[in-house]
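Student: Hi, could you walk me through this one? I'd like to start with the contacts.
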Amino acid sequence: MKNNFITYFLLAMLMACNGVDSSYNKPTQSTESDAAVEYKEAAETQVADETLPPVETREANSDYQPAFKGQTRVAGVKTTTPYKVVLITEDLRSPWGAAALSDGRLLVTEKAGTMRIVDIDTGQVSEAISGLPEVDDRGQGGLLGLALAPDFESSRMVYWVFSERVKGGNHTAVAKGRLADNEARIEGAEVIYRATPTYDGKLHYGGRIVFDQDGDLFVSIGERSDRETRVKAQDLSVSIGSIIHITTEGEPVSDNPFIDLDDALAEIYSYGHRNPQGLAFHPVTGELWSGEFGPRGGDELNLIKPGNNYGWPVITYGIEYMGAAIGDPVIQQKEGMEQPVYYWDPVLSPSGMTFYSGTNIPEWENNLFMGGLNSSHIARLVIEDNRVVGEERLLTDKGERFRDVIQGNDGALYTITDAGNLYKIDKQ
Ligand SMILES: [Ca+2]
């Protein structure tokens, strides 16, 4: 019991500061039972099939029951294609988001407010790119996700999310600017969107940003964590706890679900989110998926559709990090609120994620890869018909907090970690 309590306490402390610099926030190693270790060894020689046990073997935090079979702890899978994990550089400083330039190099954001370019062939990291607005990098804040304009080749426009400090607090903000021809600075940086309300806190900013096929932006915004702000995830008159859909000028997209609704912000696309830090489009269906930090035992994978309510803090499979149940009444399902496609109890701590559309490792086609922070692994999810049917843990031996996972132009996966490392994952 005592060990369990200590584990939970450490977990709670880590979750409370999931964005804090890893230099004083060492990743935890998951505790594994003897059976799990035995299974892992046996699995080395097995091929993937549906008989593998779920990868999660630890006790759940609650006795809540999933809404459908396969919503949590699905069968394990194991990659059979030999693949290698190569350390490209360890010289980044709390990197948060990455995007591939057309020549293969990666443009990376760093939490303290800098961007750098990494040459993936030599591992060389550029000087800090100047010209970015100041960020509030206390707690989980800072320079967060980024996206390159679809016409970046000609426009050189970069879009990014950051926590902006203003009088009375801070908020999640979206900015854009042009990467100078000499790549030394961002020119004409301009804030195009500011989440509401401004709040004096250091947690749950969300922070991913992706372009859709029409050239508009989806941005995930956290609910700022505290009890007084979390309820606003259900409030359409503010944008915290939502995923917004805006133009490159920061205006609501004209066919957004609440565009004609009085007292609702027209930029909101979906709501009832806690701290969504993953956004990615499925390469075949084109649908938007999001990973979200839930409370203890309630991390979620959601399929995002316009106007949907994802339930926080009314329904959740998690409990408070200090142990109390959440909700009044305490429920996990409710009419009119979306169920997660998948959830983790204990948690994954899901940050950046991407679907694999490369051909180097054929069995990974259309699989989802999600970076886990305090779980210290990348989750590989096999998805069929919008359901998770297989789960694998990758890079478990690294002891890293995986902040983002992207696919490079070479079809390999790249992942950045809070410790400042960039790894390439590709076939042998
Ligand atoms: Ca939810």
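Tutor: Happy to! Two residues are in contact if their C-beta atoms, placed from the backbone, lie within 7 Å. This is a predicted model, where local features need pLDDT of at least 70, side-chain atom pairs count only at pLDDT 80 or more, and totals for chains, interfaces and linings use all residues. Residues are numbered from 1 along each chain as its sequence is written.

Student: Cool. Which residues is V219 in contact with, leaving aside its neighbours within four places in sequence?
Tutor: V161, V174, I209, I244 and I246.

Student: New topic: which strands form the open sheet, and in what order?
Tutor: The order is β5-β6-β7-β8, with antiparallel pairing. Strands here are DSSP E runs of at least two residues, numbered from the N terminus, and two strands pair if DSSP finds at least two bridges between them.

Student: And which strands stand at the edges?
Tutor: β5 (143–148) and β8 (186–194); each has a single partner strand, so one side of each is left without a neighbour in the sheet.

Student: What about β6 and β7, how many bridges there?
Tutor: β6 (residues 157–166) and β7 (residues 169–179) pair antiparallel over 10 bridges. V166 stands opposite G169 in β7.

Student: Let's jump to β19. How many bridges does β19 have with β20?
Tutor: Seven, in the antiparallel sense, with β20 covering residues 387–394. L381 has E391 as its bridge partner in β20.

Student: And on the β18 side, what stands opposite L381?
Tutor: L368. Four bridges join β18 (residues 368–372) to β19, and the two run antiparallel.
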